[in-house]
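User: I'm new to reading protein models, so please pick a single part of this one and look at it closely with me. Then link it to the rest in one connected answer.

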Amino acid sequence: MIRERSCIVKAGGTGRATQMGKTGEETGADGSMVSIADYYAGKNVLITGATGFMGKVLVEKLLRSCPEVQTLYLLVRPKAGQSMHERVSDMMKCKLFDRVREDNPDFHQKIVPISSELTQPALAISPEDVERLTSCVNIIFHCAATIRFDEPLKHALQLNVMATQQLLNLAQQMHHLQAFIHISTAYANCNRRHIDEIIYPPPVEPKKLIDSLEWMEDSIVRDITPRLIGDRPNTYTYTKALAECVVQRESSKLSIGIIRPSIVGASWQEPFPGWIDNFNGPSGVFIAAGKGILRTMRANNDAVADLIPVDVVINLTLAAGWYTAVHRLTFPPAALVYNCTTGGINPFHWGEIEHHVMSSFKRNPLEQAFRRPNANITSNYLMNQYWILVSHKFPALIYDLYLRLSGQKPQMMRIFNRLHKAIGLLEYFSSQDWEWNSENMNMLMSHLSPEDRKTFNFDVRQLNWPEYIENYCIGTKKYVLNEDMSDIPAAKQHLRKLRNIRYTFNTLLLVFIWRVFIARSQMARNIWYFVVSLCFKFLSYFRASSTLTN
Ligand SMILES: CCCCC/C=C\C/C=C\CCCCCCCC(=O)SCCNC(=O)CCNC(=O)[C@H](O)C(C)(C)COP(=O)(O)OP(=O)(O)OC[C@H]1O[C@@H](n2cnc3c(N)ncnc32)[C@H](O)[C@@H]1OP(=O)(O)O
Ligand SMILES: NC(=O)C1=CN([C@@H]2O[C@H](COP(=O)(O)OP(=O)(O)OC[C@H]3O[C@@H](n4cnc5c(N)ncnc54)[C@H](OP(=O)(O)O)[C@@H]3O)[C@@H](O)[C@H]2O)C=CC1
């Protein structure tokens, strides 16, 4: 149980002792609140989802900015033929960890992988590992989840809800636990327009749903899923809402913080600008647009694009861990929720994103683009369908024909079908506006020392969007696609070639139209001459009137 009445925590390598103040807050020897790095000194931290996008950034930041942290226990599963040790060792070789490696080449000694498959009973953690974790873990960050929008309900429920419940059960056995931080999403309650920092009543009692789905065949579950998720767009947001409810129910026994990030994008500043390693959310859209594949998408130009840089989310998460732990004895028994969003503080709109993404990819083109980057967003359904036909399907058809004729396997239509499926799932989020209250983010900031505010910066008022988007696009090029910046002149040359192909194609199309329709029919010729003579008349009229005025 973590709600100890008194506690002295020996702060690891710094030798700095922290103790409980009169109010129950953890204080330094001089009575001041400990800094974030001092708090984590000597602590044992358990992290789920450490091999994922946000988990990696969390591990990196803890090691870099809290160098006295004792041990990071990472719950990891073997995957794709790799053992958990191989996976963690590969992860630590990644460029993201360059700065940590420079500061402390032996940083890997602080990392202890623990084998765990979260969808298995008791998280499939061995009894020895359970013993080890329950005796020493001080703080848990629960990041693991399935974030797929098309995840079958049963699996999403197993991982996002049941695994969370099991982790909470494990947390309750821990003798020295001071905080449990759960990563949720700002869209858990996307069926509401205004979202406060509270846990809303769940759409269904989680336990009842789990029990009833247990005996059902997958095909039946698939059939009733739309009825169950109701006004939420997918199983992801639905199960994340249920998970919040499960977490909230343990808040009388554990000190809990819930972080709700909106759309997590590339890093803003740390460990370097533009770090991103996946196609999720807007990243895949940016890349598809940069490659000239995506030319149209349904989105509202004037809707707020609530992107939040991953380093901001992680800084807030670590600060929330610190705050939850140092205030654990003064908390009422309720989880503190932090809406981690930008829209209410420093809004930026999808129309602006489109503009900056396009101009950024023109300055820093991606290699081997299919067409010149020129994507447009529209909220009009019919307009979007028209452009899909003209700018997606027609070029795909022509290119596949070319591939077939040259003896290769056609592939473009298949790529477009997958793209349409992906953007179809994202449109819900890019076509609407939400309003999140982020008072707890401000409250937390006000509790940080000036030094911590710099080291764990989550003040998004300072975010310069055009610069951020530029670095984001460059990040997709360098870290997702592994393209070299030195190839930009060749990529520009390729775009010039594509432009020339387009001019040639348009000219040939015009000649073709002329030959087929105009040159063969007297009526079409008459209309053509009429239009041309009208243009001449207009031209001569304007020329005459401008001569008179001069
Ligand atoms: C230029 C103008 C821009 C204007 C911007 C306008 C709009 C912005 C767009 C979106 C904003 C909304 C974002 C909302 C986020 C809500 C916030 C959250 O809570 S976060 C969770 C976010 N989750 C996701 O984003 C997951 C979505 N992805 C999926 O659900 C699935 O991946 C899928 C899209 C259904 C595809 O599934 P499928 O089984 O077909 O494929 P895989 O996932 O197995 O992937 C196979 C292969 O493709 C790569 N991939 C995946 N997604 C994309 C993509 N969007 N574009 C290109 N490629 C993609 C993936 O990496 C795999 O590659 P590989 O085989 O090499 O591993
Ligand atoms: N990305 C975003 O835009 C947003 C994300 N979030 C939330 O942030 C958290 C992290 O998201 P993100 O990092 O983007 O997600 P990722 O998909 O990148 O990472 C998911 C992590 O969960 C782990 N995991 C999945 N299934 C299992 C399993 N059965 N057993 C053990 N581990 C498992 C994955 O491990 P493995 O490598 O083995 O698959 C991976 O480490 C999630 O809770 C998500 O809901 C919230 C808002 C936005």
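Analyst: First, a bit of vocabulary: a helix here is a DSSP run of H or I at least four residues long, a strand is a run of E at least two long, and both are numbered from the N terminus. Also keep in mind that this model is predicted.

Let's zoom in on residues 503–521. The UniProt record, an unreviewed entry, labels this span "transmembrane region". In the model the span is 84% helix and 0% strand, and its end C-alpha atoms sit 27 Å apart. The same record gives that label to residues 527–544 as well. Over residues 527–544 the chain is 100% helix with 0% strand, and 26 Å separates the end C-alpha atoms.

Now for the outside. Phe505, Leu509, Phe512, Ile513 and Phe517 join Phe394, Leu397 and Ile398 in a nonpolar surface patch of about 760 Å². Two elements, α13 (381–405) and α18 (488–518), each give two or more residues to the patch. The top contributor is α18, with 5 residues. Take Ile513 as one example: this residue is in helix α18. Is Ile513 buried or exposed? Neither label quite fits: with a relative accessible area of 35%, Ile513 is partly exposed, because that class covers whatever falls between under 20% (buried) and over 50% (exposed).

Next, let's step back to the whole chain, which has 19 helices and 16 strands. Its C-alpha trace spans about 95 × 60 × 45 Å along the principal axes. Of its 550 residues, 51% count as buried. The chain exposes about 26,000 Å², with carbon and sulfur atoms supplying 56% of that area. Look at contacts between residues at least 6 apart in sequence, and you'll find that 81% of them join residues at least 24 apart.

Aromatic rings give you a nice case of that kind of link. The chain has 23 aromatic pairs. One of them is Phe149 with Phe429, a stacked pair at 5.3 Å centre to centre with 20° between the planes. Phe149 sits in the loop between β7 (139–142) and α6 (153–172) while Phe429 is in helix α14, so their pairing ties together parts 280 residues apart in sequence. Phe149 is partly exposed at 22% relative accessibility, whereas Phe429 is buried at 8%. Both belong to an aromatic cluster that also holds Tyr187, Tyr236, Tyr428, Trp434 and Trp436.

Key:
Residues numbered from 1 in each chain as written. Chains lettered and ligands numbered in written order. Predicted model: local features only at pLDDT ≥ 70, side-chain atom pairs only at ≥ 80, totals over all residues. Heavy atoms only, no water. Patch = residues over 30% accessible without salt bridge, like charges linked within 9 Å, V, L, I, M, F, W, Y side chains within 5 Å. Areas by Shrake-Rupley, 256 points an atom, 1.4 Å probe, with all protein chains shown as cover. Salt bridge = Lys/Arg side-chain N within 4 Å of Asp/Glu carboxyl O. Buried < 20%, exposed > 50% of the residue type's maximum accessible area, 1.4 Å probe, protein only. UniProt positions renumbered as here; feature names shortened; annotations may be inferred. Contact = heavy atoms within 4.5 Å. Phe/Tyr/Trp six-rings, centres within 6.5 Å; stacked < 30°, edge-to-face > 60°.
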